Amino acid sequence: MKQNIIEFLEREQYSFLRIEREFPEISGLRAILQNPVFHGEGNVWEHTRRVCEALLSFPEWQELKREEKGILYLAALFHDIGKKRCTKLEDGKIISPRHAIIGAKMFRESWYLNYSEKFDISFSEREEAAFLIRFHGLPLLFLEKKEIDRELLRARECVKFSLLYLLGKADGEGRICENQMQVKQTMEYFKEYAKEIECFEERVNFANLFTRWRYFKGANIWKEQKLFDETEFPVYLMMGLPLSGKDTYIKQNLSEIPMVSLDVLREEMKILPTESSTPVVARAKEIAKGYLRKKQAFVWNATNITFDIRTRIEGLCEKYGARVILIYLEAPYEELLKRNEIRERKVPAVVIENMMHKMDMPEPIECYQVLKMGGIAF
């Protein structure tokens with residue numbers, strides 16, 4: 001029987017030594033070394049233990065709701081998991097580039113494929129923890145950003161800063177370094193600056209969706225400017241693993257507009273799934289350009305799991321004045337496997353797992369609008 005993850009953490013009284021036994025990848029962090037200049041406490045496991053225990057010592061911890069405690073603790077437990085893949089020796093120094101980005105992907109993959117049978121975690125809980133992992137280094141490094149305000153507002157679209165601040169604070173408390181006092185001060189600077197630009201408590205309210213989209217595209221505008229929406233028609237970009245329900249969603253919600261489907265084109269062109277998709281994508285773009293030139297709304301139906309693939313499609317559509325609405329659908333892994341069993345053309349489980357391994361979850365500001373779980377606004 002599944003255990004609710006929040007209830008499990010509460011029942012174990014947030015004891016790191018008891019909780020980490022359930023997660024082999026956390027125990028494996030003992031083998032991952034860190035740069036002693038910034039982490040004199042030792043390996044990643046020791047740092048993680050200190051971070052989790054530091055959280056419980058903060059007065060703010062007691063004020064959190066039970067769901068917030070669970071999400072924050074889970075993020076702390078996995079915050080440096082990416083160092084397992086990223087840590088390397090360069091010029092005699094231990095470094096872990098992009099470990100927060102990789103760590104968020106690893107966290108999603110683990111919880112979707114490995115822990116879904118044992119623990120019950122909602123999509124929103126998982127995503128909030130994943131984005132906390134993704135941005136956990138921001139409070140310490142935000143002063144180094146070229147556009148501080150834009151970087152903070154971007155992160156605030158994804159995470160609650162009250163939780164990110166506590167994670168960053170615990171991350172600082174969980175290390176031994178010469179500039180310990182500076183680390184603590186930077187955390188407080190982060191909190192105060194976020195309050196100054198009015199994004200610590202709430203997400204910023206932009207004048208409209210177009211203003212928001214243009215701002216995160218790099219436009220030099222104020223969030224209060226109500227820009228005239230220059231987009232002329234929508235393009236719906238589907239995203240999700242095979243069997244996640246994209247076709248059903250389209251039939252129920254978007255059946256009145258044309259669809260560009262890579263699966264349909266592959267069948268029409270008699271190209272096997274094991275063969276290169278290059279000619280299929282090329283044909284799809286030709287059809288899409290026909291709709292774009294006519295300013296005709298349409299659906300682009302494919303898995304679209306990587307950021308690079310989506311960016312190319314989004315860029316193409318935006319050049320023609322389209323507003324791209326990304327719709328991400330997800331079904332539990334067990335449900336995918338059940339659907340796969342009754343499908344005429346089965347998708348090998350290893351293919352689904354590899355796709356989950358590669359998946360780049362979209363941030364809310366990736367395009368004009370991002371919808372998740374079949375139409376719930378992110």
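Hi everyone, let's start in a loop: Lys 295 is found between helix H17, residues 278–293, and strand S7, residues 298–301. Before I go on, please keep in mind that this is a predicted model.

So what is there to see at Lys 295? Its phi is near 55 degrees, a positive value in a residue other than glycine. Most residues other than glycine have a negative phi, and that is the reason I picked this one out. As for its surroundings, Lys 295 is partly exposed, with a relative accessible area of 36%.

Move along the chain, past S7, and you meet a second case. Asn 304 sits in the loop between S7 and H18, and its phi is near 50 degrees, again a positive value in a residue that is not glycine. Is Asn 304 buried or exposed? With a relative accessible area of 4%, Asn 304 is buried, because the cut-off for that is under 20%.

Next comes helix H18 itself, which covers residues 307–319 and includes Phe 307. At 42% relative accessibility, Phe 307 counts as partly exposed. Which residues does Phe 307 touch, once we leave aside its neighbours within four places in sequence? The answer is Asp 360 and Glu 366. The C-alpha atoms of Phe 307 and Asp 360 are separated by 5.7 Å, although the two residues are 53 apart along the chain.

Now a quick check of the helix geometry. H18 has 13 residues, so at 1.5 Å a residue it should span 18 Å, and its end C-alpha atoms are indeed 18 Å apart. Its buried residues are Arg 310, Ile 313, Glu 314, Leu 316, Cys 317 and Glu 318. For those of you who like helical wheels, an α-helix has 3.6 residues a turn, so residues three or four places apart point the same way. The cover over the buried residues of H18 includes helix H14 (209–216), strand S5 (233–239), H17, S7 and strand S8 (322–328). Just after the helix, Gly 321 takes a positive phi of about 85 degrees.

Let me put another helix beside that one. H9 runs over residues 123–134, and its 12 residues should span 16 Å at 1.5 Å a residue; the end C-alpha atoms are 16 Å apart, which agrees. How many of the residues of H9 are buried? The count is 11 of the 12, so H9 is largely enclosed by the rest of the structure. Charged side chains are part of that list too: Glu 125, Arg 126, Glu 127, Glu 128 and Arg 134 are among the buried residues, along with others including Phe 123, Phe 131, Leu 132 and Ile 133.

Finally, let's zoom out to the whole chain. There are 20 helices and 10 strands. The radius of gyration is 22 Å, close to the 21 Å that the globule rule gives for 378 residues, so the chain is as compact as a globular protein of that length. Along its principal axes, the C-alpha trace spans about 60 × 50 × 45 Å. Of the 378 residues, 52% count as buried.

For the contact-map fans: among contacts with a separation of 6 or more, 71% are between residues 24 or more positions apart. The chain exposes about 19,000 Å², and carbon and sulfur atoms supply 50% of that. On charges, there are 59 positive and 59 negative side chains, with the centres of the two sets 4 Å apart.

That's my tour, thanks for listening!

Notes. Residues are numbered from 1 along each chain as its sequence is written. This is a predicted model: local features need pLDDT of at least 70, side-chain atom pairs count only at pLDDT 80 or more; totals for chains, interfaces and linings use all residues. Side-chain values use heavy atoms; hydrogens and water are left out. Helices (H or I, at least four residues) and strands (E, at least two) are DSSP runs, numbered from the N terminus. The radius of gyration is taken over C-alpha atoms; the globule rule is 2.2 Å times the number of residues to the power 0.38. Buried means under 20% relative accessible area, exposed over 50%, partly exposed in between (1.4 Å probe, protein chains only). Contact means heavy atoms within 4.5 Å. Accessible areas come from the Shrake-Rupley method with a 1.4 Å probe; for residues, only the protein chains shown count as cover. The place of a charge is taken as NZ of Lys, CZ of Arg, CG of Asp or CD of Glu. The expected span of a helix is 1.5 Å times one less than its number of residues.
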